[in-house]
Amino acid sequence: MQYQVTVIGSGPGGYVAAIRCAQLGMKVALIEKYPTLGGTCLNVGCIPSKALLDSSEHFYNAGHTFKEHGIDIPTPVVNLPQMIKRKREVVKANVDGIAFLMKKNKIDVHTGVGSIIDKNTIAITSAEGTKNITTEKVIIATGSKPTPLPFAAFDKKRIISSTEALELQEVPKHMIVIGGGVIGMELGSVYARIGAKVTVVEFLDSLIPTMDLTMGKELQKATKKLGMEFFLGHKVTAVENKGKEVIVKAEPKNGGAAIELKGDYCLVSIGRRAYTDGLGLEKIGIALDKGKIPVNDHLQTTVDNVYAIGDVVRGAMLAHKAEEEGVMVAEYLAGQKPHINYNLIPGVVYTWPEVASVGYTEEQLKEQSRAYKTGSFPYKALGRARASMDLDGLVKILADKNTDEILGVHIIGARAADMIAAGVVAMEYRASAEDVARMSHAHPTYMEAVKEACLAATAARPIHM
Ligand code: FAD
Ligand code: NAI
C-alpha cells in the first residue's frame, strides 16, 4: 500500500496529525500497536486519571462538605471496583470516539508495531505477521513511558507506575508516592480522598517544582487537609517489595536523619521517558539527543521526510502540546506556515484545588533579570468561593514593570483548569494587566480573582481587598 503520510502512534499527537493531514487532502495511514486508539492520554493518562479524580472528589465531598451544605446522608462507603469500572467505560467511550473519527476522515488504521525499514518503507508487525507499506512522509508520534527508579524496577504489584495506579482494586492502607510532580499529586490525592494514608517523597524542595513556587506551597497547604504527608528535599535510596509490604528509604539532601517508610503500595512518578523501542530509528541514522528524537523548528528530524511530535520530542509532555504539534506538521506538509508559541502552552494539575499556569514563573523572570511586578488575589475574598465553600487558592499575575504586559498567569483554586484559557487569550494578544483589569468580569465568578489580581498588579488597587 502507498500513502502520502504514515503516522506511527495514535496518541493525541498522532491521531490529531492524521486527522489534519486527511482534512488537507492527504492519503493517510495510522499505525498503533495496541488494539485501542488514543495512546497514553486516552487509555492510561489524562482521561482515566480525570475520571478517578472526579469520582474521588464526589466521594470526599459527600463525606466532608455535604453536611454543611444541609445535605444529610448516611456515611458514604467507597466502592473502588465500581469507580474503576466507570473509569473504564469513560475510556471506552473516548477511544471508540477516535476510531469513529478515523473512519470519518478515511484514515487507514493498521494495528501492529510500526518499524522503519527505510525512509519510505514501514513494516507493521502483528499477531497475523508482518506487512510493509510505503509512504512519502513519516510522522513519529510514539509517545512516552514511565521512568523507573534506577535501583527498583516496576514490579507492577507493589512498586507501581501510574498505569497500575489507575487499576487498583483495593484502597491502599498506605501509599508511598515517590515524586511530588503532576502524577504524584493527582493520583496521590485520588487515594487520599478515598481513605488511604498518602506520603509523598520529593527530591526537590517544592511540590510541582516546574510551576511557580507559590503554587507548590499553596498546593501543599491544601492537600495537607486531605491528610497527605510530605518529605520534601529527600533522596530515595532504596525501595523493596517485601510481599504484602513495600519499604522505602530516603535521606534528606542537606543532611539529617534518614527515614524509612512502610506501605502497601509505592507509586513511582518521577517523570516519563520518550518511547522509541523497536522503531528502527538507527536504520535511517536518527540518533537520540538526551533520550528524545531531535527535531528542528518545523518538527523535522535529521531525515528530510521524517517528522516527530509529542512526548517523543523536546518540550512539555502534555496532550495539548502534542496536538498542536500534530496540526503544525500536517499544515507544514501542506505548504502552510504554521507556528506554535511554546511559552503559551498552559500547564494544569487536576488536584482540588486545581493548579493552572501559563507564561513565565516568577523564578524564571528573576533568572532573566527581567523587571516585573506582581499582583495577587485570594479566593477567600470572592463571594463565589464563599458560596461554593472553595476558599483555598489565589491568582497571581506577573506583568512587565515598564509596559504592564502580562508575562505569567498562575492560578490555584476551584476551576483553575478552565480559567487559564483566559490567561492564554490575554497573553496571545499581548494584553496588559490593566487591559484585563478594565474588562467586565461576570459576578459572582472565580474569574473575578483574575481581574482583581490584574488590578493589584497594575496599580495596587484591588477593589475587594
Ligand atoms: P502517547 O499518547 O504516548 O501515544 C503514543 C502511542 O504510540 C501509544 O498508543 C503507543 O502504543 C504507540 N506506539 C509507540 N510505539 C509504537 C510503534 N513502534 N508502533 C505502533 N505504535 C506505537 N497531559 C495533559 O495534557 N493533561 C492531562 O491531564 C494529562 N494527564 C496525564 C495523566 C497520566 C497518568 C499520564 C501518564 C499522562 C498524562 N498526561 C496529561 C500526558 C499525556 O498523556 C501525554 O503528554 C500525551 O499522551 C502525549 O501524546 P503523544 O501522542 O505524544 O504520545
Ligand atoms: P513530573 O516531572 O511532573 O514530576 C516528577 C517529580 O519527581 C518531580 O517533582 C521531580 O523533582 C521528582 N523526582 C525525580 N526523581 C526523583 C527521585 N529519585 N526521588 C524523588 N523525587 C524525584 O513527572 P510525573 O509526575 O511522573 O509526570 C510525567 C509527565 O506526565 C509530566 O511531564 C507531565 O507533564 C505529564 N502529566 C501531565 C498531567 C497534566 O497535565 N495534568 C497529569 C499527569 C502527567
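Okay, let's start right at a contact: a polar backbone atom of Leu318 sits 3.2 Å from an oxygen atom of ligand 1. That's a polar contact, here meaning a pair of N or O atoms within 3.5 Å. The protein buries 95% of the 1000 Å² that ligand 1 exposes when taken alone, with accessible areas from the Shrake-Rupley method and a 1.4 Å probe.

Quick housekeeping. This is a predicted model, where local features need pLDDT of at least 70, side-chain atom pairs count only at pLDDT 80 or more, and totals for chains, interfaces and linings use all residues. Residues are numbered from 1 along each chain as its sequence is written, chains are lettered from A and ligands numbered from 1 in the order in which they are written, and side-chain values use heavy atoms, leaving out hydrogens and water.

Back to ligand 1. Lys50 brings a polar side-chain atom to 2.7 Å from one of the ligand's oxygen atoms, and a polar backbone atom of Pro12 is 3.4 Å from an oxygen atom of ligand 1. In total, 39 residues surround ligand 1, counting a residue if one of its heavy atoms lies within 4 Å. Which helix gives the most to that shell? It's α2, with four residues; helices here are DSSP runs of H or I, at least four residues long, numbered from the N terminus.

Now for ligand 2. It has 21 residues around it, and among the nearest are Val348 and Glu186. A polar side-chain atom of Glu202 lies 2.6 Å from an oxygen atom of ligand 2. Backbone atoms join in too: one from Ile183 lies 2.8 Å from an oxygen atom of this ligand, and a polar one from Gly271 is 2.8 Å from an oxygen atom of ligand 2. The protein covers 77% of the 830 Å² of accessible area that ligand 2 has on its own. Helix α7, residues 182-193, gives the most to this shell, with three residues.

So where does ligand 2 lie? Domain 1 (2-146 + 273-342) and domain 2 (159-270) both give residues to its shell, so ligand 2 lies between them. Those bounds come from an automatic or database domain assignment.

That's the tour: Lys50 reaches an oxygen atom of ligand 1 with its side chain, and Glu202 does so for ligand 2.

Notes
A polar contact is a pair of N or O atoms within 3.5 Å; within protein, one must be able to donate a hydrogen and the other to accept it, and residues adjacent in sequence count only if both atoms are side-chain atoms. Helices (H or I, at least four residues) and strands (E, at least two) are DSSP runs, numbered from the N terminus.
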